[in-house]
Amino acid sequence: MVPKLILTVILLISVTVTTADYLRPQPRETLHFQWSPKPASYPQQVHISLAGDEYMRVTWVTDDQSSPSIVEYGTSPGRYSSVAQGESTSYSYLFYSSGKIHHSVIGPLEHSTVYFYRCGGQGPEFQLKTPPAQFPVTFAVAADLGQTGWTKSTLDHIDQCKYDVHLLPGDLSYADYMQHRWDTFGELVQPLASSRPWMVTEGNHEQETIPLLKDGFESFNARWKMPFEESGSSSNLYYSFEVAGIHVIMLGSYTDYDEQSDQYRWLKVDLSKVDRKKTPWLLVLFHVPWYNSNKAHQGEGDGMMAAMESLLYAASVDIVLAGHVHAYERSKRVNNGRSDPCGAVHITIGDGGNREGLAHGYVLILTNLHYKEPQPEWSIFREASFGHGELKIVNSTHAFWSWHRNDDDEPVRSDQVWITSLVNSGCVAEKRHELRNVLMAP
Ligand SMILES: *[C@@H]1O[C@H](CO)[C@@H](O)[C@H](O)[C@H]1NC(C)=O
Ligand SMILES: [Fe+2]
């Protein structure tokens with residue numbers, strides 16, 4: 001009775017103090033999954049990821065530890081002209097033992113082509129579409145997904161848009177030590193993640209560290225293997241890949257990033273390989289935002305920003321996508337805390353729909369009170385609603401970004417902007433020497 005009364009009072013207060021015309025929604029319940037018995041060798045949790053140009057990694061799980069790691073595939077349904085033999089892994093976590101986690105790389109594949117495939121020699125047929133060789137390329141972007149009613153609505157919206165690759169800057173399952181929740185997450189995303197590559201990097205919810213027992217990221221690394229070896233990285237926590245004329249760098253907010261770190265060294269090597277004539281667009285993703293005017297997680301990205309922003313600036317990164325803060329925010333081109341025409345556009349898109357809701361506490365959930373005021377000069381648009389982003393790279397100079405709230409129909413764009421590349425602006429040419437010096441520094 002008393003909590004209800006308090007809630008009503010808080011509701012009233014927060015409704016009266018809300019100035020924005022948009023009233024933010026309540027969190028939705030965690031999804032419950034029916035247990036449906038399947039043969040032990042039945043492929044589950046199928047998802048795909050890019051594994052170098054013209055190659056795709058297919059990942060799935062079987063209860064049966066003797067099930068083969070083969071993928072049969074071809075361009076006509078039911079007729080598989082090729083077979084790829086892969087590898088497998090498994091892990092234990094306290095009282096939990098995972099199924100057999102299979103990773104098989106298929107290819108070479110044609111671009112912009114639909115392939116039909118089957119995992120482990122049985123079960124249903126899946127189909128995937130490979131990304132194009134040339135612009136335009138469209139990315140769907142959503143982070144901090146979890147597995148709630150809101151996650152479902154985010155995924156349903158993404159399913160309605162036409163895109164080539166899904167980008168996820170951290171916080172996938174919100175399993176939070178309960179390992180079977182990684183399995184239910186895998187099942188939840190399978191319809192989308194088995195048909196378009198999902199490129200992910202880690203958030204805090206992937207860590208699952210237990211002092212003296214577990215180092216962290218064990219489940220994430222076993223289940224969501226990304227092309228780190230293909231991109232010269234020694235860790236699944238940071239890597240890069242290319243799609244058409246776009247170089248995408250996935251960084252780790254929860255692994256060392258100082259100048260002496262393996263990640264920093266790898267980043268310098270990776271940047272030195274980028275040819276802006278071949279890939280005019282340079283994107284970077286990581287979990288904890290550097291430009292965030294939300295009170296939630298305020299300042300958490302400062303350490304990484306201090307270590308790495310000048311390097312990304314010298315490299316003329318076009319767009320940075322982050323998650324973690326359960327809200328949406330888009331910046332101007334920025335560097336060193338201020339707007340700067342040669343800096344990156346920073347976008348926080350941590351509003352995928354996890355069980356923590358949009359912010360902490362009822363008042364915060366219902367109002368925009370949790371933003372720093374006044375809005376910093378670099379911040380253009382901010383709102384705490386669930387949604388996803390779409391980034392269409394139209395050609396070598398123009399990209400169109402839009403943000404879509406779950407509360408609206410999918411085609412409605414709540415925020416949109418044309419972004420022109422730094423190659424086009426002259427920044428890349430201007431900073432060529434600076435970049436060389438930074439990359440050559442020991
Ligand atoms: C790139 O796309 C934009 C927007 O559609 C267009 O205005 C521009 O002319 C295009 N540039 C090239 C080089 O095709
Ligand atoms: Fe997070």
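Begin by selecting His324, which counts as buried because 27 C-beta neighbours lie inside 10 Å (buried means 20 or more other C-beta atoms within 10 Å of its own, exposed 12 or fewer, and partly exposed in between, with C-beta atoms placed from the backbone). His324 is found in the loop between strand S17 (319–322) and strand S18 (328–335); helices (H or I, at least four residues) and strands (E, at least two) are DSSP runs, numbered from the N terminus. Phi of His324 is near 75 degrees, a positive value in a residue other than glycine.

The structure on view is a predicted model, in which local features need pLDDT of at least 70 and side-chain atom pairs count only at pLDDT 80 or more, while totals for chains, interfaces and linings use all residues. Residues are numbered from 1 along each chain as its sequence is written, and chains are lettered from A and ligands numbered from 1 in the order in which they are written.

**Confidence along the chain**

Next, colour the chain by pLDDT, the predictor's confidence in each residue, from 0 to 100. The mean for the protein chain is 91, and 92% of its residues reach 70 or more. Select residues 5–21, where pLDDT stays under 50 and the model has 14 contacts beyond four places in sequence (two residues are in contact if their C-beta atoms, placed from the backbone, lie within 7 Å). Over residues 360–367 pLDDT also stays under 50, and there the model has 23 such contacts.

**Helix H5**

Select residues 262–273, which form helix H5. Its 12 residues should span 16 Å at 1.5 Å a residue (the expected span is 1.5 Å times one less than the number of residues), and the end C-alpha atoms are 17 Å apart, which agrees. Show the side chains of Gln263, Trp266, Leu267 and Leu271, which are buried in H5. Seen down the axis of H5, the buried residues fall within an arc of 135 degrees, so they line one face of the helix; the arc is that of the directions from the helix axis to the C-beta atoms. On the other side of H5, Arg265 and Lys273 are exposed. To see what covers the buried residues, add elements including helix H6 (302–314) and helix H10 (432–440).

Continue to Lys278, in the loop between H5 and strand S16 (281–285). Lys278 is exposed, with 10 other C-beta atoms within 10 Å. Select Gly245 as well: the two residues are 33 apart along the chain, and their C-alpha atoms are separated by 6.0 Å.

**Strand S14**

Move to Phe241 in strand S14 (residues 239–243). Phe241 counts as buried, with 22 C-beta neighbours inside 10 Å. Beyond four places in sequence, Phe241 touches Leu50, Met199, Pro227, Ser231 and Val248. Gly52 is 189 residues from Phe241 in sequence and 6.8 Å from it in space, C-alpha to C-alpha.

**Loops with particular backbone angles**

Select Glu54, in the loop between strand S1 (44–50) and strand S2 (56–62). Its phi is near 70 degrees, a positive value in a residue other than glycine, and with 14 C-beta neighbours inside 10 Å Glu54 counts as partly exposed.

Then go to Pro108, in the loop between strand S8 (100–106) and strand S9 (114–119). The peptide bond from Gly107 to Pro108 is cis, with omega near 0 degrees. A cis peptide bond also joins Glu373 and Pro374, with omega about -5 degrees.

**Ligand 1**

Finish at ligand 1, around which lie Val394, Asn395, Thr397 and His398 (a residue is near a molecule if its C-beta atom, placed from the backbone, lies within 6 Å of it).
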